[in-house]
Amino acid sequence: MSKKRKAEETDEMPAFISQANAPRETETNDRKKDKKEKKKNKKKGDTKKSQKPWIPADGDAETKPDDGTPREKPDLEKLNTYELKHKPEGEKKGDKYARQKELRKRKREEKEKFEEYKAEVEGREYVPDDAKKRERKEKKERKNAAKKGQPGLSKEEKKKLSEERKEKKRAARKEAKKAEKKAAAAAAAANGEEEEVEEVVMSDAVETTKVVEPAVEDKMDVDSDGSSSDSSDSESEDEKPAAKKSKANGVTNGKSKRPAEPESDSSDSSESDKEAAKAPKSNGSTAPTTANGTASPIPADSTTISSYMTTHSIKITDPKAPDTLHSNLILSFSDLPTVDKAHLAPFSAFKTPTPIQAASWSYLLAGRDLIGVAETGSGKTMAFAYPAVQYLTQLPKSERNPKKTGAKVVIVSPTRELAMQIYEQVELLTKAAGLKDAATCIYGGVPKDPQRDSLSKALVIVATPGRLNDFLEEGAANISQARYVVLDEADRMLDKGFEDAIKTILGATPVTPKRQTLMFTATWPQSVRQLASTFMTTPIRVNINSPEDGDLRANTRIAQTVEVLADGRIKESRLLNVINAHYRTSPTAKSDRILVFALYKKEAARLENFLRAKGIKVGGIHGDLNQHTRTTTLAEFKAGRTPVLVATDVAARGLDIPNVKLVINVTFPLTIEDYVHRIGRTGRAGELGKAVTFFTDHDKAHSGSLINVLKAAKQDVPEELMKFGTTVKKKEHASYGAFYRDTSDAKTATKIKFDD
Ligand SMILES: Nc1ncnc2c1ncn2[C@@H]1O[C@H](COP(=O)(O)OP(=O)(O)OP(=O)(O)O)[C@@H](O)[C@H]1O
């Protein structure tokens, strides 16, 4: 037998046959090999049987004693995967293979089911494994066939071929781009736009908004040659994504519209330069690009704008440009400077921006400090939140890493519930802008740990002042690079109660003017104005339907009634009567919610119990309740499951609850501003509302200011109220003094009896 033949036999035959026929020398060598192999396997703990000679399938039957009992084959289909995994006693080899085969089949099926489910959740088409394999196989076969078709290609030839292929692809891409451009031009022409308008307006936008901070990649371009990169370059395929983004933002020279984001506080440009840079030109040429990235024509002509300003009683005061006609209003969502229509998704249910949004957006997007005063329920949240999120989207990626930079936007609100509500709105915007999980909400009354964790991942912090201060103290919150800071309900935030906390928070952010500071409210008393000015740099003042002199203006869509009660003890029965009367007469009674305000926590609890005892489905919110109860009670009220809510002033500001048709003030609040905010829980977003206020002798200090509020909103002033006097004693600030205004028509108050 030739050596070759011997080798073939050894390979092909079962081991025990080959060993029997092998010559002695080979046999001993093989044994030695086997021993070594076994030793090795033993060491590894490997019980692999591959080294054992092949045994027929029923080998077990030969080696194991037959106990006479017939072995039943298990029904594999009935076994679960756990049972399939475990070898039953006395299992035959053939059965084992069948069991393992079934197990593999089940696992495959489970995997497929999971993949199908995953695809469904992710909203994509499910491609089964088999199809994928087939596809891969076909691809491989095609590739092999192609290779076979060009046998013996030299290296150079292959290279040439690959170059040619690349060239073809490049040409195809160019063609596609050309076609895209043509289509865009055709669409623009169809809209009556000239192709050039885009460039003119876009460059105009850059010039007029004078922006400041180039994206990191763009910065390199600017630094290297001392000028911004040629716009034509951006057509090339090698254009960096950041540069593309800047261009799409309507910033052709790679500069953004925002204030500088220097790593350190030192900067080449002087503060005044920066200030100038922040200022938009007021000739309407901030010319934002539209939602689809094309240039918008100048948003609206000056006549349209001035008539809009008159209709909505808009007053814009810019200390830097006192005599200018402010015409850069954004009257339509499509005029907003955003690169992607998707960013506007949260506005899809709205027809147009509200006046406060229309008047403040262009200034905020240009980086200005701003005080926005507009009636309750007029969309102030989106007025400050939209530019905040746009600011984030325009930051270079390296600046969008909260672990390294900390938060970039801080929004502070006076109550926990309001903070949660703002957070929800911000989340809508960040999600739409593709910034997943960019925001966190920090407030008291709940465990700190989850909030602490969230802080390291958040670009936006929405917070109540106390809890944020706690985290600042322990070093868990980093807001040292937060250059967009909002005080919502600003007058409340600057009140004595919050003043110190706010000072600490602002102190932890970059100093003004490196920080853009925004204050929004429906009431802007004189007492906080001076303090506010210390935190801002030449802020724009936007007043919507609110007089400059600090007089209060309540939402005019709220019908206000004041009931002067001679005896406070009848408040409860009056409350019940008013609620019942509303439900009897309101055409929308089924879906209506009623909000009842008390001044004290104990009073709120008492009223809640009283109404419940009278068979009314009622909830309560006040400071004595734990946060969990507060949150669930509010959710129940929002959902309409408890249509009446009794609350203290924790619910007075900002809360936006649909279908609140009636507000009842059982006890007058401590300030007239709180009165305006309380009743502002109704009549929101253009709806009508009603407010009923019980007024007693105890509240007479507020009669003058209440009368003014009623008069300003063209409401009836009851004769009984007039008798308490019309003197307005304005609020006093601890550091900035008192603000009084006396009116002459004060009358002596007389007690009047109220007959039910
Ligand atoms: N452009 C818009 N058109 C119509 N509704 C809008 C628009 N923008 C916001 N809203 C809606 O108006 C309602 C009130 O908005 P928001 O809570 O921001 O008011 P606000 O001015 O902050 O009120 P408050 O002074 O009480 O805090 C919300 O339900 C909001 O979704």
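**Ligand shell, sheets and helix contacts**

In this predicted model, the ligand is surrounded by 18 residues, and the closest are Phe350, Gly379, Lys380, Thr381 and Ala685. Sorted by class, the shell around the ligand comes out as nine polar, six nonpolar and three charged residues. Helix 15 is the top contributor here, giving three residues to that shell.

Helix 15 (residues 380–393) also packs against helix 14 (residues 355–365), with the two axes 9 Å apart and an angle of about 25 degrees between them. Since angles under 35 degrees count as roughly parallel, helix 14 is therefore roughly parallel to helix 15. The crossing of this pair is right-handed. On the helix 14 side, the contact is built from Ile356, Gln357, Ser360, Trp361, Leu364 and Leu365, while helix 15 brings in Lys380, Met382, Ala383, Phe384, Tyr386, Pro387 and Gln390. Nine of the residues in the contact of helix 14 with helix 15 are nonpolar, three are polar and one is charged. Lys380 thus turns up twice, once among the residues closest to the ligand and once in the contact between the two helices.

Turning to the sheets, eight strands make up an open sheet with mixed pairing, in the order 1-8-2-7-6-3-5-4. The edges are taken by strand 1 (314–317) and strand 4 (439–442); each has a single partner strand, so one side of each has no neighbour in the sheet. From one strand to the next, the twist averages 10 degrees. Within this sheet, strand 2 (residues 370–373) and strand 8 (residues 540–544) run parallel and are joined by four bridges. One of the residues involved is Gly372, whose bridge partner in strand 8 is Val542.

There is also an open sheet of six strands, this one with parallel pairing and the order 9-14-13-10-12-11. Strand 9 (558–564) and strand 11 (618–621) sit at its edges with a single partner strand each, so one side of each is left without a neighbour. Neighbouring strands in this six-stranded sheet are turned against each other by 20 degrees on average, with direction ignored. Strand 10 (residues 593–597) runs parallel to strand 13 (residues 660–665), and five bridges hook the two together. Arg593 finds its bridge partner in strand 13 at Val660.

Two further helix pairs are worth a look. Helix 19 (residues 465–473) and helix 21 (residues 496–507) pack at about 45 degrees, their axes 10 Å apart. These two helices are therefore oblique to each other, and their crossing is left-handed. Pro465, Gly466, Leu468, Asn469 and Leu472 make the contact from helix 19, and Phe498, Ala501, Ile502, Thr504 and Ile505 do so from helix 21. That contact has seven nonpolar residues, three polar ones and no charged ones.

For helix 26 (residues 672–679) and helix 27 (residues 703–712), the axes come within 10 Å and cross at roughly 40 degrees. Helix 26 is therefore oblique to helix 27, and the crossing is right-handed. Ile672, Tyr675 and Val676 of helix 26 meet Ser705, Leu706 and Val709 of helix 27. Of the residues in this contact, five are nonpolar, one is polar and none is charged.

Definitions and conventions:
Residues numbered from 1 in each chain as written. Predicted model: local features only at pLDDT ≥ 70, side-chain atom pairs only at ≥ 80, totals over all residues. Pairing = 2+ DSSP bridges. Axes fitted to C-alpha atoms, helices over the stretch in contact; angles between N-to-C directions. Parallel < 35°, antiparallel > 145°, perpendicular 65-115°, else oblique. Left-handed = near helix turned anticlockwise from the far one by under 90°. Contact = placed C-beta atoms within 7 Å. Nonpolar A, V, L, I, M, F, W, Y, C, P; charged D, E, K, R; others polar. Near = placed C-beta within 6 Å.
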